[in-house]
Amino acid sequence: MAATACKQVLRDLYRILEEGHPTDVRCRQIRSHLDTCSACANRFRELDALALICGRIPPPELSESRKRSLKKRLRASLAVSR
Ligand SMILES: [Zn+2]
């Protein structure tokens with residue numbers, strides 16, 4: 001079922017926020033998932049997270065409060081899809 005892949009994508013984003021360094025591999029996996037999953041595409045448009053994490057703004061330049069609120073929302077999404 002698709003939900004497993006969705007959860008994996010959320011976990012990857014969470015890990016990237018925690019570690020502070022996105023990798024090309026993870027970002028590419030996340031992007032290719034978003035191409036095929038409208039649920040996640042909508043979620044990330046809402047979250048604004050992908051543009052921040054895999055886009056032009058590197059996580060170290062995110063403020064702590066911005067990072068905290070993104071992680072909180074990722075955790076909430078993970079809880080909902082469980
Ligand atoms: Zn998905």
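Helices are DSSP runs of H or I with at least four residues, strands are DSSP runs of E with at least two, and both are numbered from the N terminus. The exercises below concern a predicted model, and Ala3, which is taken up in the last of them, is found in its helix H1.

**Exercise 1. Describe the secondary structure of the protein and the confidence of its elements.**

Solution. Start with the count: the protein has five helices and zero strands, so that, read from the N terminus on, its elements follow the order α-α-α-α-α. Next, consider confidence: the average pLDDT of the protein is 82, and 88% of the residues score at least 70. Finally, go element by element: the highest mean pLDDT, 88, belongs to helix H2 (residues 24-36), whereas H4 has the lowest, 73.

**Exercise 2. Determine which residues have the most contacts inside the largest nonpolar core, and which elements give two or more residues to this core.**

Solution. The background is that, in soluble globular proteins, nonpolar side chains tend to be buried together. In this model the largest nonpolar core has 15 residues, and those with the most contacts inside it are Val9, Leu13, Leu17, Ile30, Ala49, Leu50 and Ile53. Two or more residues come from each of helix H1 (2-19), helix H3 (38-47), helix H4 (49-53) and helix H5 (64-81). Of these, H1 supplies the largest share, five residues. As for the protein overall, buried residues make up 23% of its 82 residues, and of the contacts with a separation of 6 or more, 67% are between residues 24 or more positions apart.

**Exercise 3. Work out how the buried and exposed residues of H3 are arranged around the helix.**

Solution. First list the buried residues of H3, which are Cys40, Arg43 and Phe44. Viewed down the axis of H3, these buried residues fall within an arc of 95°, and therefore they line one face of the helix. The general principle is that an α-helix has 3.6 residues a turn, so residues three or four places apart point the same way. Then turn to the face of H3 that points away from its buried side, where the exposed residues Ser38, Asn42, Arg45 and Glu46 are found. Just after H3, Asp48 takes a positive phi of about 65°.

**Exercise 4. Explain why Phe44 is classed as buried, and identify the residues it touches beyond four places in sequence.**

Solution. Phe44 lies in helix H3. The cut-off for a buried residue is 20 or more other C-beta atoms within 10 Å, and Phe44 is buried because it has 23 of them within that distance. When residues up to four places away in sequence are left out, Phe44 touches Leu34, Ala49 and Leu50. A further partner for comparison is Leu10, which is 34 residues from Phe44 along the chain, the two C-alpha atoms being separated by 9.6 Å.

**Exercise 5. Classify Ala3, Arg15 and Lys72 as buried, partly exposed or exposed, and give for each a C-alpha distance to a residue remote in sequence.**

Solution. The cut-off for an exposed residue is 12 or fewer other C-beta atoms within 10 Å. Ala3 counts as exposed because it has 11 C-beta neighbours inside 10 Å; Ala3 and Cys37, 34 residues apart in sequence, are 9.9 Å apart from C-alpha to C-alpha. Arg15, found in helix H1, has 13 other C-beta atoms within 10 Å and is therefore partly exposed; between Arg15 and Lys71, 56 residues apart in sequence, the C-alpha to C-alpha distance is 9.4 Å. Lys72 belongs to helix H5 and counts as exposed, because it has 10 C-beta neighbours inside 10 Å; Lys72 and Tyr14, separated by 58 residues in sequence, are 9.4 Å apart from C-alpha to C-alpha.

Note on methods:
Residues are numbered from 1 along each chain as its sequence is written. This is a predicted model: local features need pLDDT of at least 70, side-chain atom pairs count only at pLDDT 80 or more; totals for chains, interfaces and linings use all residues. A nonpolar core is a set of buried Ala, Val, Leu, Ile, Met, Phe, Trp, Tyr and Cys residues joined through C-beta atoms within 7 Å. Two residues are in contact if their C-beta atoms, placed from the backbone, lie within 7 Å. The arc is that of the directions from the helix axis to the C-beta atoms. pLDDT is the predictor's confidence in each residue, from 0 to 100.
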